[in-house]
Amino acid sequence: MADLRRAAPFRGRSLLLVAGVATSLAAPAAASAAWAPAASGPAGDEQRVLTGGPGAAAVVAAGDAGVATAVHAPGASGWTAGAAQPVDADGSGYVLGDGGLVALIAADDDAQTVSVLRAGPDGTLTPAGSLALSPDDVVDGGAAAPDGSLVLAVLSDAGRLTLHRRAPDGTWSQSTPAGTASVGATSAALGPTGVVTVAWVTADEDDVAQQIGAVATGPGASGAPVVIADLADEASTVDDLVAVPSRDGSPSAVWTQASIEEPDGLIRGGSGPADITELASGDAETLGGSLQVASSATRTLVRWLDPETAATTVAALDGSCSAASDLTSAVLVARGGEVAAVGGRGGRLAIGAVDGACAVAPDPSAGPAVSADAPLDAAADGEGTVVVAIGGDGTGTSTIAVDDRTAPRIDGLDVPDGATVGVPLTAAASASDAWGVASQAWSVDGVVAATGGTLGTTFPAAGEHLVEHRATDAAGNATAAARSVAVAEAPAPPPGTEPVAPPVAVPVPGPQPPATARPRRPSVRILDVRQGRDRRWTLRLRARNATRLEVSLFRERYVAGTAARRRPATCPVRPRPARRPPTGRRGRIVVDAGGVRTTVRLPRTMQQALAKRGRYTVRVVARGARGTRAATALRRFTVCG
C-alpha cells in the first residue's frame with residue numbers, strides 16, 4: 001500500500017478521486033496457480049487494482065496528465081482501456097487509499113475539490129459527485145466501502161483531523177474525533193465486512209509522536225475513537241502508519257517507530273495499550289518499511305520490505321509467527337478464507353498462500369516477467385481470482401496479470417437421449433466464466449467433432465455413444481459435461497421404395513412432455529399432408545409423449561412389365577421423359593415435438609422432390625424417453641404435378 005502520508009506536504013490542491021467496490025471474496029476453486037495471458041495496463045506513475053464481484057475489476061493509473069483506466073467486465077474475454085481523465089495538474093503528486101480509492105492531487109491555489117469518479121464497463125470515468133474543501137486542507141487518506149460510501153481523512157493546516165463521509169446516495173457529512181488536534185499522519189483501511197478504520201498519529205511541535213489513535217465506522221462498529229498506544233514518554237517518531245482492516249468492528253493499527261536518540265527501530269501493532277505486539281526490531285535505517293496489512297477471516301498479517309533488496313517478511317499481528325520469504329516486492333491479498341502473497345521470484349511473478357507459520361510457498365506456475373523492484377498492487381474479485389498490476393519501473397507503462405483458478409461453468413447442455421443411425425443429431429451448450437470463455441469444443445466417443453456452442457453429427461452405428469462438451473478459459477481451466485446417446489438402427493423403408501437422398505434436420509419448437517416417474521410410450525398420428533397456396537408442402541401431425549420426431553419422405557419405385565400394368569394410375573398419362581427422374585427416398589426431417597398438434601413445413605430437399613409427379617409415402621417415427629419403444633405412422637399421397 002502506498003504511504004498515505006505523502007499527501008501531507010501538498011496544500012491547496014485539486015483532488016481527483018476514484019471510488020471502486022470492495023471485494024466480496026469466495027474460496028478459490030483450484031489449488032494451483034493458473035495465469036491468464038498478460039494484458040497491457042493503463043499508463044501512469046503507479047497503478048491501483050479495484051475489484052468487485054466475480055470478473056469485475058479495474059486497474060487505475062494516476063499521473064500528471066490525469067487518471068487512466070483498464071476495465072474488465074464480468075464475462076468479458078479481455079480488458080477495455082478508457083481514455084485518461086484530464087486534470088489541471090503540474091506534477092504535484094497523488095495519494096492512494098484502500099478499498100478502491102485513488103486520489104490525484106494537482107496544483108490549484110484557488111480551491112480544493114474532491115471529485116468522485118466511477119469506472120464504467122467501457123473504461124470511461126464518469127463523475128459521481130464532488131466535495132469542496134478549503135485550500136489549506138489536505139486529504140491524507142481514505143477508503144471506499146462496498147455500498148459506494150466513502151470516508152476521507154482530511155487534515156487542516158493546523159493538524160486538525162476531520163472525517164468526511166459520503167453516503168451511498170451522494171450526501172456528505174463530517175465529524176472530528178476526540179484527541180485529534182495535532183495529527184501528523186493518517187491511514188484508512190476497509191475491512192471485509194465493510195467497516196472502515198481510520199488511524200492517526202499525533203505529534204508535538206518537534207514531530208515527536210504522542211499517541212496512536214483510531215476509529216472504526218460501519219456495520220457493527222461503535223464509531224468511538226480509541227487510543228491504541230501512548231508514545232509520549234518514548235521519544236520516538238512514527239515513520240509509517242497503516243490502519244488494519246477490521247474483522248470485528250474494533251479499530252487497530254500497525255506502525256514503524258524510530259527512536260530519536262538511538263538508531264533503534266520497532267515495528268509494532270495492536271488495538272489498545274494492553275494489546276501491543278512488537279513484530280520486529282533493529283536498526284531503524286535497515287529495519288524495513290512499506291508496511292502493508294491484509295486480513296482473512298481468522299487473522300491479520302503484516303508485510304514489510306527490506307529497503308535495499310525488497311525482500312519480503314510476513315508476520316501475524318498477534319505475534320504468533322514471522323517468516324522471511326524469497327518473494328521480492330510482495331504484496332498481500334485476501335482471497336476467501338486465506339491471505340496470499342504475490343511478488344517476484346526468479347524474474348517471474350509468483351503467488352502463494354501464507355501458511356500458519358507465516359511462510360509463503362509460491363506455486364511453481366510462473367506468471368509474467370517482473371523485476372525485483374517493480375511496484376505491484378493486487379486484489380481479489382468475488383470468486384477469489386487475483387488481479388495484479390505490475391508497474392513499469394518508471395516507464396509509465398503497466399502490465400495486468402490474472403491468477404484465475406476457477407473453471408468455466410456449463411450452464412446448459414442440450415443433447416437428445418436418442419438418435420438414429422444416419423440421422424443428424426443436433427446438440428447445443430452454453431458456458432460462462434467470470435473472466436471469459438476462451439473456447440468450446442465437442443467430442444463424440446473421444447474424438448473431437450466440432451467447436452463452438454453447437455454440434456451437428458451423425459452416428460454410423462447403433463449402440464451407446466458418448467457426446468462431451470468442454471469449455472476452457474484463458475488460464476487453461478476447463479470444465480466438461482457429457483451425455484450418453486442411445487443410437488438405434490434406422491427403420492427399413494416402406495415396401496417398394498429405396499432411400500437415395502441424404503437426411504435433413506430441421507428443428508421445430510414446441511413444449512416438451514413433462515417429466516414423469518414412469519416414462520410413457522410415445523404415439524403419433526399423421527393428420528394430413530397438404531400443399532398451400534404458396535406451393536409449399538406442410539405436414540400436420542399429432543404426437544404425445546414424444547421428445548423427438550423423425551420425418552421421412554419416400555417415392556415409390558418405377559416398375560416395368562406386368563407389375564407396371566398392375567400399378568394404379570395416379571395421375572393423367574404424360575409423355576415419358578427421355579430421362580427418368582431419380583427414385584426412392586427424397587429426404588428426411590428430424591424435429592422436436594411434445595404438444596398435442598404440430599405443423600411441420602417440409603425442408604427444401606423435400607419440397608424439390610414433391611415438385612415431381614408420383615406416389616409418395618411420408619413416415620413419422622416418434623421417439624420418447626430412453627427405454628420406451630418408438631411409434632411409427634405412415635401416410636401415402638399422390639402428386640400430379
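**Close-up 1. Arg540 and Asp528 pair up in a salt bridge.** In this predicted model, Arg540 has a relative accessibility of 23%, so this residue counts as partly exposed. Its partner, Asp528, has 13% and therefore counts as buried, since buried means under 20%. The side chains of the two residues meet with N and O 3.0 Å apart. Follow the backbone from each one: Arg540 sits in strand E42 (residues 537-544) and Asp528 in strand E41 (residues 523-531), so the salt bridge ties together parts that are 12 residues apart in sequence.

**Close-up 2. Glu338 and Arg335 belong to a salt-bridge network.** Here the closest N and O atoms of Glu338 and Arg335 are 2.7 Å apart. Glu338 counts as partly exposed because its relative accessibility is 25%, while Arg335, at 2%, counts as buried. Salt bridges with shared partners join these two residues with Asp403 and Arg405 into one network.

**Close-up 3. A salt bridge links Asp377 with Arg48.** The model holds 9 salt bridges, and in this one the N to O distance is 3.2 Å. Asp377 lies in strand E29 and Arg48 in strand E3 (residues 46-51), so the pair ties together parts that are 329 residues apart in sequence. Both Asp377 and Arg48 are buried.

**Close-up 4. Cys321 and Cys358 form a disulfide.** The count for this model is 1 disulfide, and its sulfur atoms are 1.9 Å apart. The torsion about the S-S bond is about 55 degrees, so the disulfide is right-handed. Distant parts of the chain are linked here, with the two cysteines 37 residues apart. Cys321 is in the loop between strands E25 (311-316) and E26 (322-335), and Cys358 is in the loop between strands E28 (348-353) and E29 (376-380). Cys321 counts as buried because its relative accessibility is 11%; Cys358, at 1%, also counts as buried.

**Close-up 5. Negative charges gather in a patch on the surface.** Look for Asp239, Glu261, Glu262, Asp264, Asp283 and Glu285, which make up this patch. Asp283 is part of strand E22 (residues 276-283) and, with 35% relative accessibility, counts as partly exposed.

**Close-up 6. Val116 and Gly129 lie 13 residues apart along the chain.** Their C-alpha atoms are separated by 5.2 Å. Val116 belongs to strand E9 (residues 112-119), and its relative accessible area is 0%, so Val116 is buried.

How values were computed: Residues numbered from 1 in each chain as written. Predicted model: local features only at pLDDT ≥ 70, side-chain atom pairs only at ≥ 80, totals over all residues. Heavy atoms only, no water. Disulfide = S-S within 2.5 Å. Helix = DSSP H or I, 4+ residues; strand = E, 2+ residues; numbered from the N terminus. Buried < 20%, exposed > 50% of the residue type's maximum accessible area, 1.4 Å probe, protein only. Patch = residues over 30% accessible without salt bridge, like charges linked within 9 Å, V, L, I, M, F, W, Y side chains within 5 Å. Areas by Shrake-Rupley, 256 points an atom, 1.4 Å probe, with all protein chains shown as cover. Salt bridge = Lys/Arg side-chain N within 4 Å of Asp/Glu carboxyl O. Lys, Arg positive; Asp, Glu negative; His and termini not counted. Charge placed at Lys NZ, Arg CZ, Asp CG, Glu CD.
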